[in-house]
Every structure is written in C-alpha cells, then in structure tokens.
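Here's a quick tour of how the chains in this model sit against one another, and how a few of the helices pack. Have the viewer open as you read.

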Protein chains: 4
Amino acid sequence: MTRLWDKGQPLDERVLRYTAGEDHALDNRLVKYDVAASIAHAEMLNACGLLSPQDLKSIRDALTAIGEAHARGEWLVKLEHEDGQTALENLLTEKLGATGGRLHAGRSRNDQVLAALRLYMREIVEELRAGVGAVADALDQLIRREGATPLPGYTHTQQAMPSSVVLWAGGYAAELRDDAEGLRMTQRRIAKNPLGSAAGYGTPNLPVSREETRTRLGFAVNQEPVTAVQLSRGKAEAQLLFEIALVMQDVGRLASDLILFYSHEFAYVTLPAQFTTGSSIMPQKRNPDVFELIRGHSATAQACLAETLAITSKLTSGYHRDLQLLKAPLFRGIDLCLATLAILPPALDGVHFNKERIALDPSIHAAAEANLLVAKEGIPFRDAYRRIAEKYRK
Amino acid sequence: MTRLWDKGQPLDERVLRYTAGEDHALDNRLVKYDVAASIAHAEMLNACGLLSPQDLKSIRDALTAIGEAHARGEWLVKLEHEDGQTALENLLTEKLGATGGRLHAGRSRNDQVLAALRLYMREIVEELRAGVGAVADALDQLIRREGATPLPGYTHTQQAMPSSVVLWAGGYAAELRDDAEGLRMTQRRIAKNPLGSAAGYGTPNLPVSREETRTRLGFAVNQEPVTAVQLSRGKAEAQLLFEIALVMQDVGRLASDLILFYSHEFAYVTLPAQFTTGSSIMPQKRNPDVFELIRGHSATAQACLAETLAITSKLTSGYHRDLQLLKAPLFRGIDLCLATLAILPPALDGVHFNKERIALDPSIHAAAEANLLVAKEGIPFRDAYRRIAEKYRK
Amino acid sequence: MTRLWDKGQPLDERVLRYTAGEDHALDNRLVKYDVAASIAHAEMLNACGLLSPQDLKSIRDALTAIGEAHARGEWLVKLEHEDGQTALENLLTEKLGATGGRLHAGRSRNDQVLAALRLYMREIVEELRAGVGAVADALDQLIRREGATPLPGYTHTQQAMPSSVVLWAGGYAAELRDDAEGLRMTQRRIAKNPLGSAAGYGTPNLPVSREETRTRLGFAVNQEPVTAVQLSRGKAEAQLLFEIALVMQDVGRLASDLILFYSHEFAYVTLPAQFTTGSSIMPQKRNPDVFELIRGHSATAQACLAETLAITSKLTSGYHRDLQLLKAPLFRGIDLCLATLAILPPALDGVHFNKERIALDPSIHAAAEANLLVAKEGIPFRDAYRRIAEKYRK
Amino acid sequence: MTRLWDKGQPLDERVLRYTAGEDHALDNRLVKYDVAASIAHAEMLNACGLLSPQDLKSIRDALTAIGEAHARGEWLVKLEHEDGQTALENLLTEKLGATGGRLHAGRSRNDQVLAALRLYMREIVEELRAGVGAVADALDQLIRREGATPLPGYTHTQQAMPSSVVLWAGGYAAELRDDAEGLRMTQRRIAKNPLGSAAGYGTPNLPVSREETRTRLGFAVNQEPVTAVQLSRGKAEAQLLFEIALVMQDVGRLASDLILFYSHEFAYVTLPAQFTTGSSIMPQKRNPDVFELIRGHSATAQACLAETLAITSKLTSGYHRDLQLLKAPLFRGIDLCLATLAILPPALDGVHFNKERIALDPSIHAAAEANLLVAKEGIPFRDAYRRIAEKYRK
C-alpha cells in the first residue's frame, strides 16, 4: 500500500498507528460520498480539458465499481490505508495504472475529505429530521390515544395548575418539531462547495472550474475565498452537533418525566415489559433503562459538541492535522442521536397513563380561582391572589 | 418591599440572598424590555375587556415613566427587590395603588421574564451582527490597504503554497459574514411569543388574547402549546451562545495568526503602540495583549454555551428555579463578544504587514510546478508530484 | 495613575478597558495576600543585601498601612489602576517616593500575582473544607434526629431494597467528607513557591533567595525550574475547581433527592417555610427554590472548570495574557460553592421526614427473601432469585 | 444466552441493542479484573460459610480457566451477552451447572462491575504514571544532549529573557512529574472496596464479610455506608480523567512549542523524517502531524472529563442505568493518553535544536541589565527599568 505522499522514507509503524488513529474505521461511512465527489471532480477535469473522455470513463467506471464493492462489504478502509482517501486512490491505481494518478489533479485531501463529509452530513441531516419527526408523530399518537387524561402541570416539581396528556406530550412534540427546523437550518453551512480550494490556497496553473463540481454535487454556493474553506472546518459540524444536543436534551427531559411518572410513588404510567429490564439481584424489578440511557446520552451529546469546538479553538489559519479529530465526535453524536430517535417511537407506543392513579391536588385550581375573581368581580389580580392564598392557608 | 408571592411568612435573609443571587444586577438590562412587554400586556388586557381604558392609561403612563427613570439611572433593581419583575410591580403599585395590582392578571413571572429576555435578545442579535460586520469591514479595509502583499499560505504551520493578505484577510471576512448569517438565524427561536402561557399552563378562566401581545411586540408566532414555552427555555439562549462561540472562535484564530505574525521570528506585522502593552520587568517589551485576550475569550464563550446547555439538562418538564441561572452565562457571553467586536476594528486598522520581512520559501511553488507539468505535459498528477518531490529532495 | 510599564506612549482608553477587563474588581480579594507576599519579598531583598533595613521598614510599614486601609474599605482597586499589582506599587510610591520603586527588584507581575493567588487559594481551600464539613455535620444531626425513619432504597428511581434516613443521609455525609479530603489534596499544587521565577526565566544579575520567601510564606517547596512556574498556571486552579465541581455535584444530587421527596406525590419530607418561596401567580405554592438553585449551580461549577482548562489549552510555553482570564472562573466557582455550603446547614436543619407518608412496597424485600433462601436452604442464589421472582409475578 | 434478570418476557432486540450499547466491546478489558474480584467474592462466601470448599474450588478453577481463555482471545464479550458480568456468569454456569448460580449470592452487578472497574483503574494509573515518567525521562535525555543550547525565553510569544533547552525542557519535565504525582493521588478514591454494597443497600439476611474481599483485593478501606458506593460512581473516574486532562494539556503545549519551533520562520528544531508525514498535493512538505494530533487530543481529553461529570450530574441517589455510560469516556481518555505517552519518547529522541538558527534579540537582556543597575548602583528597580527602556527606545 503506498501513501499518497510517499517519497521513500521509512515510516515508523507506531507513527502510522498514532496518526491514522481510528480514521480508517471512521472513513468507511464516507466512501460512498467520496466516490460521488471524486466522480464529479473527474467530470470537472474532463470539462476543463484536463482529463480525456476515455480516462474519465475509465475512472468513473472504476470508482463506481469500487464504491459498489464497498457497499457490498467486499473491502474496508483499513489501518494500512491510513485513510479513506488513500484507499480510494490506491484501489483506483490498482485497477487503472497511471490513469488513476490523474484524478488527484486540482484537489488535495483537504478539500476531498471535506466534500465527502459535507455530502454525508447533508444526507444524515435529513435522516435526523425524519427521526425527530417520527418521535413527534409518536407523541401525536399518544395524544390521540390518551390526550384527554388529566395530568397535574408542574412547576418546581410541585403540582401547579391543571394540565393533561395532550398538553404534556404536545409540548414535547412542538419542541421536537422546532429541533427539526433547527436541523434543517444546519444545511446552510453544509451546502458550501469546498472543491477547488485544494490544500486551502487554490490550484495555481490548473484551470479548474468550481462551478462544475458545485452544480454536479448540488452545493448551493462555492465557498469563497479558498482560504475560508479550511477556516470553516468544524463549524458546520459544530452546528449539527449543537442541534443534536438540543434534540437529545429534549428527549432526555422527556425521559426524565417518564422515569418520574414510572416511579412507584407517582405510578402515572406503565411501560411495556419489553421496554424495561430486570435486576441481577432484585427479582421484582422492572427498570426503565431505555429512558435512563436516553437521559444519560444527553450528556454525551453535549460532550461531542464541546470536543468539536475545542479541537478547532485557537488554531492559526490553514489546515492542521488536528482537524482530522473532528470526525470522531461528529459521528459519535450522530450515531447516538439516530439510535435514540429509532428506539423512541416503539417505546412511546407502549406508554400508557394510569388515569385512575393520577391525582390532582385540589389546590391546583388556585390560580384559576383567582383568575375567576378577576374576571367576575373585576378586582385587581394581586388582591384576588391574596384572597385565594388566604383560603388555601387554612 | 413586598415580594409578589408574599403571604406573611418570614423569609430568611440568607435565603433571599442565595435565591436572588445576582439577578437584581442582571435584571437591570431587562427593565426596558419588561416595560415594553408589560405595556403590551396591559393593552391586551384592555382589548380583552379585563382592564378599563382609564386603568390602561394609568398603567401605561406609569410604566413609561418608570422605564424612563431607570434609563436615566434614577433607580436600579436591587437585592431587596429580588428581581426586576418584582421591582416593576412594586414601583407601579407605589405609583398607582391597587390599580398596579391589575397588571399581573393573565401572566406569571415565567412568561413575563421570558418575553423581556426575548425582546432583549432580538435587539442584541442585531448589535452583534453589526459588530461582526464592522470587523469584516475592517478586514476589507486592510485588504484595500495591503491586499496585494504576498504571504505564505500555511498548512500544518508550514509554508505550503503562495497566499496573500487579500486571501488571508478575505478568508476571515468571509467566515465572519457567515457567522453574522448564523446570528441572524437565531432570530427564529427568539421570535416566539411566550405571553399567555403564564406559569406554563395557560390562564384558565381569563380570556386573554395571545395574538394581541404577539402583534404588538412583533413576535412571529405564538409559541404553542403553552407547555412548549418553559420546555424551550435555554434553547434560543444556547443557539445565540453557540453562534457567539463561533464568532469568538473565528476572531480568536485571527488573533492567533496575528500573535504569531507579530513574533520576532516572523515579524510579518507591526501593531500600533496603543494596542500593545508593556511589561512590569522587561523594559523593551511591547506585547499583543489585546489579541491574547481575544484568543483567551474564545474559551470563555465556549464555557458560557456549555453552562447554558448543562443548566436545562435532564430537568423534568415545567418551570424550575434552575432556569433563572441561564441569564448569567447568556449576558456574560454577549458582553464579551460585543466588547471584542468593538475593539477589533481599531486594532485591525493599525495592523501593518512588513512586506520586506515576509519571505516565501522557494519550495512553496512546488504544487504549482506539479500542476504546470499536468497542464503542459498531460502527465498524471501523481507522476508530476513525484518528479517535483524528487527535485526538492536534492 | 502610572502603569508599571509606562514608557510615555498614549494608551487607548478602550484598550485599557478591554485588557483590564474585570481584573480590578476581581483583584480586590487578592490585595491582602499581595501585601503579605510583597512584605516577604521585601524581607528577602533585605536578607540578600538588596534593600536597606531602613527601606525595608518603610516599605513594610507602608504596605501594612495600605493593606489595613483596604481592609477597612478606604480604597479599592479600580479600572484606572489596571490591576491590583499596579495599584499597590502606585500607592506605595505615593507614600514613599522613589523607595517604593525598590520593591519590584527581582520580581515580575507574573510571579507576584501567582504568589498572591496561591496564598488566597491556600486559605480558601480551608474555608471550603470547613463548609463541606458543616454540611456533613448537618447530615449527621439529621441522622441523630430522624435516622431510624425507614426509607425505600432506590435504583433506577424504583423502590429496590429497604433503606433508612441514616443510610440515605449517611451516604451523602460520607461522600462530602471524601470531597473534603479531595479539597485538602489540592494544597499540594498550591504549596509551590513561584517567587523568584519573575517573568518565568529567573532574575539574572540579581542574587535573590527563593528559600527566604518560601519559608516566610509557608510554601512547601520552591517551584523548579523557573520555567515550570508559568507552565503550571491554571493547574492548581483547575484542580480546585474540579474538587468544587464534585462538591457541587454531590450537593446537587442531594438537592435532587429532596426536590423529589418534597413533591406532592412522594411527600416524604417537609421543608421549613423560610426555605421555600412562593409563586407570582399560584397562591397555594411553596417551592423548594433553594434546592433547585443548588442543583442548577452544579452546572455552573462544571462550566468554571471547563473554562479554566480551555484557557490554558494549546498555549505555547511562557506567560500569555490569556492567563489573566483564569481568575474569573476560579472566583466564580469558589463563591458559588461557599454560598451553597453556607445555605445548606440551616436548610437541612429544617428538613423533616414524614414517617407516616413513607410507604415501602412489600416487594422491596424480595432480594432479602432470596438471600434468606440461600442462607437457610443452601440453594444457589440464582435459583432463589427465580423462586422469589415467580412469587412476585403472581 | 440467558440474561441474569431473565424472567421469561420477550426482550425487544432493538432494546437490547440500545441498552447494551457498546458495553460488550468495552467490557472485554474488564474481564481479567472481574475474574479476580469474582474469585475473591467466592473465597469470601466460603469464609462466611455460604459456599462449600468444593464449590469454591470448582468456581475458582472455572473462573481461572475462563479468564485465561479470554486472555488467549478464545472468547469475547459480545452483544448477546449484554455485558461482561452476564457473560461471566453464563460461562460459569455452562461449565458448572447450578453451582455457577451460587456465585451471585451477596452481590449485584452494581458492586461487581465497580469492583472490576476499580481494579482496572488501579493498574492503569500505574501504567499512566510510568508513561508520564518515560516522557519526562526523554526530556531529561534531550537536556543531556542539548541542554546548553540557548533559547529565547518567551512571554506573550515575544522574546523576553534568555532561556535555554535545559530550562525549556526542564519546565515540561517538572510539570509532567507533577502530573504523575497527581495521577498517584487518584488512587485514594480508587482504593475503596465496593463489594458487599450489592445494589447499593447491602445484603440483608446474608452475613457477608466486606473485610474478606477488601484484604484479598488490596483495597485500602471498605466504602461506608453502603449507600455511598453508588453515590461515588464517576468520582474516581472523573478525577482520573481530570489528571489525564492535565497530562494531555502539558504535552499538548509541548507539542504547540515544537510545531512553532519547527516552522520555517523559527526553524529552531528539526524533526526526524519518520515522525513527520507528507502532503497529498505539495511534494515538498514534511508535516509535524504527530505533534498536531497530540495538541488536538488535549481537546478530546477535556471532553471526556466533561462528559463524565455531566453523566452523573443531577441524578437522584441510587444506581441509574445512566452510570453505564461512564465507561466509554473513561476508556477513551485512558487510551488516547497511553497512546500519546507511548509516541512521545521516540518522537522527542529525534528532536534536534538548530543552534546556529536560534537568534536571541539583543534586547532580550534588558531586564538583566536593569537588574545589574540595581545590584551595582543600588538605584530603585523602577528607575533602572526606565533608564534601560530609554536606551532601547532609541
């Protein structure tokens, strides 16, 4: 296996292991997008007269075959490839010989990996939005099933005013749909074409067309000037992780509510047996582990965001190898969010409110009573408040 | 001074101090917005038949006078007020007697403080955007003055390819304008009317109109259902702090570049004397403190974001007193960002690139030479790369 | 007011404001320690023959007077001083003329401020430990009052096995005492004498004695080599904030328990009226605000730690102005911890467990029953577990 | 495969996947320690008359064989095991039948996993200390090789005062040894025996001896009361990650220095070819990737700490499934630190300072000159400072 920058010197094995890190494993999910961006790049080279139609055809066919083989699990990016970009160029050159070496004209790994990453993020944002939507829909269904069941509305974990399942679940559904809209807006930073910026300073002496790759790949704009591309590393990633953190926060708080409602003392809800787990020592237990892990994962999501912001922090401009480390927290955050969004709809389908157990303290109507005094007697609210307070003090 | 919820029991002084915290100090910046939202609320009460035209006039006039007196510095929210909302109601009642007590009908401190906070954020976002724009403009001016000066383009803190002041400063200007756009998008979460949600469960028995306050205050939508309002606490704040963190990160990295360029060994830039400071012990020193603090403040901005996300994390639904703590990191993040944005334009005006000191290593043209081989001889890039590498090895 | 490094150039007012930041306000708490360290420094200069006995006496008397005046509130470090070190030297020179200028021989603000900071931290750690101890003692008293009251022991927020107030409160008391021990261990990093390192590279040509200041100020060791001093900035601070974060986490979890126990549905505890607060709209409410704020402050404490670690992160060696920013999160973390520790003993004194409300579900004894089968019948635990599980399934 | 708590109900496959998470993969590193703790537990049961000598022998032999087989890679904890504890009990029962089911008497997964984790941490702390020591030793060797080479001492990234390789490297070596001492102190929280606390509330009806397992496993104390055990979850982990964060911060700053010194403009050091890597597009480049990744990993280490603190934050007392999530950031932080410590000694062995390139600006001696005036002429330092400043202004 040759490294793209191999010039003959020995490379310490430990150095390869330390520098490649977990990149090879992480890069597998980018292969599909790297293939697509590489084909667009080859087409651009052809359109600019830098690649013959025959070479374009060979490269396109070979890349397509390599991508399909990867999708079928026939090869994986491995440690000895160093990273996915190197794997792709090596496989291409194995197939095509010197022609494979024509593909890297006018690009660097810096813009190549960023193009693949943005195509990946573009797609995953839609998956995340769909997942968030499905959770909101599951809450809507819960409302259809049990919306009318009364619930105490809490402030300070104290019964405060009358509420209901429709208000409780509807609040979460609304916030999740707000999160989905926040996710949608992350596409703005994602939709910038990095190709043509190469290592971050353009491609002197090579008349590439950024417009060709932009339209082929569906980016909204070319990121200009070329120096902005590497400066922007981590920003779209961070915004996506920020919105993921909000999603995880919202479902984490939903989980906190359900864990509370599932306690023996509240007993407001039952959970389906297959969504609870047991204890190794206490035979009677059915624990709401799924919801506890959802709550716990909200901490992980925030850490992914913090890590991402910290990686790029204080760096001088231009590419640094530190930026490679952005992938791990990004993928970790995405994966835990997708897994959480997938488990929630079936889990919510099993939530049932125990109408007969839910007891509203009579004092919960105090504010409404004060309101009634205002509406009926026209007295100032503060006076009504004091009268009702007096009543409940007794 | 009476507390809104005073029902006669003694309140331990230490408890007041601990629970009020620094709220009184922080709330001063919200008084203006609380006055505006309170007037809109009074007008709504009047429109709904819950406040007579005469009482509306009294309340509007009194609130206006109270707000103007605050703007003139004639009174401040103090510890004994507990918070700004209490201060306002107390001052109003002092002026108007029982009529002042009519204002709190159909609202709670929960939606009141949130309305003021969102009006404040709406305005401050525009200030932040203007500040970011001014820094970008200062970079444009630097480009006009010295854009043509060549600079090495760096990757891995190594000279990589030719760049220039226009590319260097232009990259930052572009990213800052991207940040300004990110800031603009925070208005989506800010533009939701919380009024009418009261403590988080609406206003039973009081026929208030959320549409009346919404149009009066220029909110885009009413936040529905009422339970979503308190669930959303911290989300607009966090998004604003997230975008502030990106701004601070970008200017922090700009500062890192300038600190490096200002080193004796680079000596690429001179800084104006009034933007450097001295040493208490080394008489020869002129230090780039302003830029070091900008870099350091990027750490603070990230901590403000982390704190905000952590405060709301894992809480069950409904208002909790924890939410009061959101103001401190929000205001801290906003203030340091505004101060940083204000100092940057004059600081950048004084940056001068020492053309004669900036030395590009000849090898910096290696990629361009390889490109030329590709363009002229039509050989694969990888072969051109190896030929040029061979040349520079010698 | 002259700045220590003033060499005649104008200093932009905005620059002063930005660079001084909130330093002047923060530095007031360091004046006492700066005076002590300055006197020790003067005594060392005298012992090394660099200050006459007469000058030593003048400086010592003047510093003592300045410190006492500050303690009486007669002067404050203000913005125009830039920082506490400058204030001190200026006041000294006002009193003594040129003699005041002798004090700065063999030191820099870099080691001066660090000496004051470490003396401050040394003292505050003991205050924090005492505060933690007082909370643990309050828990012990609660145990003495109500230790025998049975409580369900929870896992997964589910009743799991029998517990009691003694076990519940005793767990927290033990962990708090563990935190106090953790706090004590922070003294190791604090107890290193920075004096004599000056700007970070020693005091060439001046034969100062680090041992003289070390013994006078009670530091355990001289920090060696001189370059380690500035490299270590932020580490003792971070360790202290880390231990504060653990304290706040423990009391935050204690608060979570009490908020839960105080809910209408649990009703396991009553809280004293003066430690609850009311609602502006719901006249019946008594809210556990103190405990909610304690819980919320655990988020703030973690942010203080994160900020501190981020400030020093990635900096090259040697002093940077960024380090000035360490004081704000350090003091914020200390202050909120001390305030929280002060409010807890009286708050805990008022906690009363409602014995008659606390209901243990019969199944809570299932593990004990399985254990009994093992002990009596000698069957494997897993078989006993299955038998008891079968019993509770019915 | 049977789950420990299996009582016959179906378990949704997705729930298993979500709840087990990556536990199975992570738990492999704990098998060795779980075997050791399980044998100690069996010996204790025997000593307490709860396990016959014959059963003890069977269990000890079987566990030993299972552990050895795992060490030889013959089996791995897999998803269907759910976790390592279940895998162990299942394998034991496969080998021994009902006798295997005797082992779980008097313990829960809660104390079992914690015992294994603490034994693992105890060992890994020593590995980390050795790794830190090896880096400090490599710095000592660099000092022996090139200590006398002069270097500018920097403050504010400006040449400030004369320094040298011995002072530069010695500062880092001292701080690393301070970190090693910090690591050593994490053993205090690790050395507490959790066994006997079971699910967190002890083992009613089973007369277990915590002292037996404590002495066998070498814990310093039994953690008392039993409720403190689960409350303490995450605290030893967090302290270890805190000290790891300091280590990574120190080596990250060392890396920052070397990246700067390796720049074309400084050119103070050369790095060995095998510790630099190339560019995919710029044939001339040799990049200091290893040091960039070390710097970048300091961000990851801080995120691991933040995640750990956030996971336990605000939880009520008693075990929660959230605590399972502590392992991932703990292991991540440990692994990146060990890998970084392993790569540093060979990397430092290749660092060579280019004596002839290192240029100290003459003004670097200004403070020493001022000191000389003080020492020779006896004038106040501030006057000497002004005279030297005047000289350099010209």
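## Symmetry between the copies

First, a bit of groundwork: copies are superposed by least squares on the C-alpha atoms of residues with pLDDT of at least 70 in both. Keep in mind that this is a predicted model. With that in place, chain A lands on chain D after a rotation of 180 degrees with 0.0 Å of shift along the axis, at an RMSD of 0.0 Å. Within chain A, A:A303 has the C-alpha nearest that axis, at 2.7 Å from it. Both copies use the same surface here, since 100% of the contact residues of chain A recur in chain D.

What takes chain A onto chain B? Again, a rotation of 180 degrees with 0.0 Å of shift along its axis does the job, with an RMSD of 0.0 Å. That is how copies are related by a two-fold axis. The surface is shared in this pair as well: 100% of the contact residues of chain A recur in chain B.

## The A–B interface

On the A–B side, 94 residues of chain A touch 94 residues of chain B. Put together, the two chains bury about 8100 Å², and 56% of that is on carbon and sulfur atoms. Which residues of chain A lose the most area to chain B? They are A:Y201, A:L231 and A:R253, together worth 9% of what that side buries.

One piece of this contact is a helix pair. Helix 11 of chain A (residues 235–261) packs on helix 12 of chain B (residues 289–312) at about 20 degrees, with the axes 10 Å apart. Angles under 35 degrees count as roughly parallel, so helix 11 of chain A and helix 12 of chain B are roughly parallel to each other. Their crossing is right-handed. Helix 11 of chain A brings A:F242, A:L246, A:Q249 and A:R253, while helix 12 of chain B offers B:L305, B:L309 and B:T312. By class, that makes four nonpolar, two polar and one charged. A:R253 shows up in this helix contact and also among the residues of chain A that lose the most area to chain B.

## The A–D interface

Chain A and chain D each put 55 residues into their contact. The area buried between them is about 4800 Å², with 64% from carbon and sulfur atoms. On the chain A side, A:Y18, A:S280 and A:L293 lose the most area to chain D, together 16% of what that side buries.

## Helix packing inside chain D

Now for chain D on its own. Helix 4 (residues 53–71) and helix 5 (residues 84–96) of chain D pack at about 120 degrees, with their axes 10 Å apart. Helix 4 and helix 5 of chain D are therefore oblique to each other, and the crossing is right-handed. From helix 4 of chain D come D:S58, D:I59, D:A62, D:L63, D:A65 and D:I66, which meet D:L88, D:L91, D:L92, D:K95 and D:L96 of helix 5 of chain D. That contact divides into nine nonpolar, one polar and one charged residue.

Helix 6 (residues 109–146) and helix 13 (residues 327–349) of chain D pack at about 20 degrees, with axes 9 Å apart. Helix 6 and helix 13 of chain D are therefore roughly parallel, and they cross in a left-handed way. Their contact residues split into 19 nonpolar, two polar and four charged.

Key: Residues are numbered from 1 along each chain as its sequence is written. Chains are lettered from A and ligands numbered from 1 in the order in which they are written. This is a predicted model: local features need pLDDT of at least 70, side-chain atom pairs count only at pLDDT 80 or more; totals for chains, interfaces and linings use all residues. Side-chain values use heavy atoms; hydrogens and water are left out. Contact means heavy atoms within 4.5 Å. Axes are lines fitted to C-alpha atoms, for helices over the stretch in contact, and angles run from 0 to 180 degrees between N-to-C directions. Helices (H or I, at least four residues) and strands (E, at least two) are DSSP runs, numbered from the N terminus. Angles under 35 degrees count as roughly parallel, over 145 as roughly antiparallel, 65 to 115 as roughly perpendicular and the rest as oblique. A crossing is left-handed if the near helix is turned anticlockwise from the far one by less than a right angle, and right-handed if clockwise. Ala, Val, Leu, Ile, Met, Phe, Trp, Tyr, Cys and Pro count as nonpolar, Asp, Glu, Lys and Arg as charged, and the others, Gly among them, as polar. Buried area is the accessible area (1.4 Å probe) that two parts lose on being put together, summed over both.
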